[in-house]
Amino acid sequence: MKRTEFKGPAGYGCEDVDPRGFVSLMDLYENNFMRLRRLIPDMSRLPDESVSELPGCLSLHLSILERTKFTTTLCLTYYFDEVQGQVAEPELTLRVYHDANQVEVLTGHLQHGRQRFDHIPAKTGAIKWKFNRFLYKWLGYCLYLGHSFNGSEKSQSASLQSEKLIVNL
């Protein structure tokens, strides 16, 4: 079997990985599902908007966009304060397939919008591989830092913000 090397521009560390086809992509979806389940142990109890806050780290924002019997669509991002306002970076829209135990990146905005895909066509395996590989690494990093969404972050964040407002008054 002849193996070809994939050479692309440097970036998030996934350009050097050869998109090996459908089976490898499905394996990546399954690994992303396992990592996301560690980040969100009980997705059914999660409010539509949640924030995981850790001291000394960026807050991780999660928004549930759609819930159905077999899937959940969500957005995962950090927010940066820029001159023009808040910028979401990276901003990934994910579809969680509960029955198949898989997670797929549907849309992605990376590198301050220089890599923006509002729709990733099914036939573009290299782009799907890149964004899902990035998700795999990002989820690992978030877990390493200690981020988690257990269904109570929204109330904790709201009470922390209320306490900060009272202290500032």
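In this predicted model, residue T77 sits in strand 3. T77 is a buried residue, since its relative accessible area is 1% and the cut-off for burial lies at 20%. Setting aside neighbours within four places in sequence, T77 makes contact with S59, L60, H61, A88, E89, P90, E91 and W138. Sequence separation and spatial separation can also be set side by side here: T77 and T93 are 16 residues apart along the chain, and their C-alpha atoms are separated by 9.0 Å.

With this starting point in place, the view can widen to the whole chain. Three helices and six strands make up its secondary structure. Read from the N terminus, the order of the elements is α-β-β-β-β-β-β-α-α. The chain has 169 residues, and 39% of them count as buried. Its accessible surface amounts to about 10200 Å², with 54% of that area belonging to carbon and sulfur atoms. Among contacts with a separation of 6 or more, 48% are between residues 24 or more positions apart.

Strand 3 has another residue worth a visit. Two aromatic pairs occur in the structure. One of them is formed by Y78 and W138, whose rings meet edge-to-face, 5.4 Å from centre to centre and with 70 degrees between the planes. This pair connects distant parts of the chain, as Y78 belongs to strand 3 (residues 71-82) and W138 to helix 2 (residues 125-145), 60 residues apart. Are these two partners buried or exposed? Y78 is buried because its relative accessible area, 7%, is under 20%. The value for W138 is 4%, so this residue counts as buried too. A single aromatic cluster brings together Y78, F134 and W138. W138 is also one of the residues in contact with T77. A ring can have a charged partner as well: R35 lies over the face of Y136, at 3.7 Å from the ring centre.

Helix 1 (residues 22-39) offers a simple check of geometry. Its 18 residues reach 26 Å from the first C-alpha to the last, close to the 26 Å expected at 1.5 Å a residue. The buried residues of helix 1 are S24, L25, M26, L28, Y29, N32, F33, L36 and L39. Next comes I40, in the loop between helix 1 and strand 1 (49-52). Although I40 lies in a loop, its relative accessible area is 0%, so it counts as buried. Beyond its neighbours within four places in sequence, I40 is in contact with L46, L62, L74 and F149. The C-alpha atoms of I40 and H147 are 9.3 Å apart in space, while the two residues are 107 apart in sequence.

The backbone has two features that deserve a closer look. Most residues other than glycine have a negative phi, and most peptide bonds are trans. A cis peptide bond, with omega of about -20 degrees, joins E89 and P90. P90 is part of strand 4 (residues 85-97), and both E89 and P90 are among the contacts of T77. The second feature is at N101, a residue other than glycine with a positive phi, near 55 degrees. N101 is located in the loop between strand 4 and strand 5. With a relative accessible area of 36%, N101 falls between the cut-offs of 20% and 50% and is therefore partly exposed.

Q102 lies in strand 5 (residues 102-110). In contrast to the partly exposed N101, Q102 is buried, at 16% relative accessibility. Which residues does Q102 touch, not counting those up to four places away in sequence? They are M26, Y29, E30, F33, R95, V96 and Y97. Of these contacts, M26, Y29 and F33 are among the buried residues of helix 1.

The cysteines complete the picture. A disulfide is a covalent bond between the sulfur atoms of two cysteines. How many disulfides does a search of the whole structure find? The search gives zero. Why does C142 have no such bond? Its closest cysteine sulfur, in C57, is 9.4 Å away, which is too far for a bond because the sulfur atoms would have to be within 2.5 Å. C142 is buried, at 0% relative accessibility. C75 is buried as well, with a relative accessible area of 11%.

Definitions and conventions. Residues numbered from 1 in each chain as written. Predicted model: local features only at pLDDT ≥ 70, side-chain atom pairs only at ≥ 80, totals over all residues. Heavy atoms only, no water. Helix = DSSP H or I, 4+ residues; strand = E, 2+ residues; numbered from the N terminus. Buried < 20%, exposed > 50% of the residue type's maximum accessible area, 1.4 Å probe, protein only. Contact = heavy atoms within 4.5 Å. Areas by Shrake-Rupley, 256 points an atom, 1.4 Å probe, with all protein chains shown as cover. Phe/Tyr/Trp six-rings, centres within 6.5 Å; stacked < 30°, edge-to-face > 60°. Lys NZ or Arg CZ within 6 Å of the ring centre and 35° of its normal. Expected span 1.5 Å × (residues − 1).
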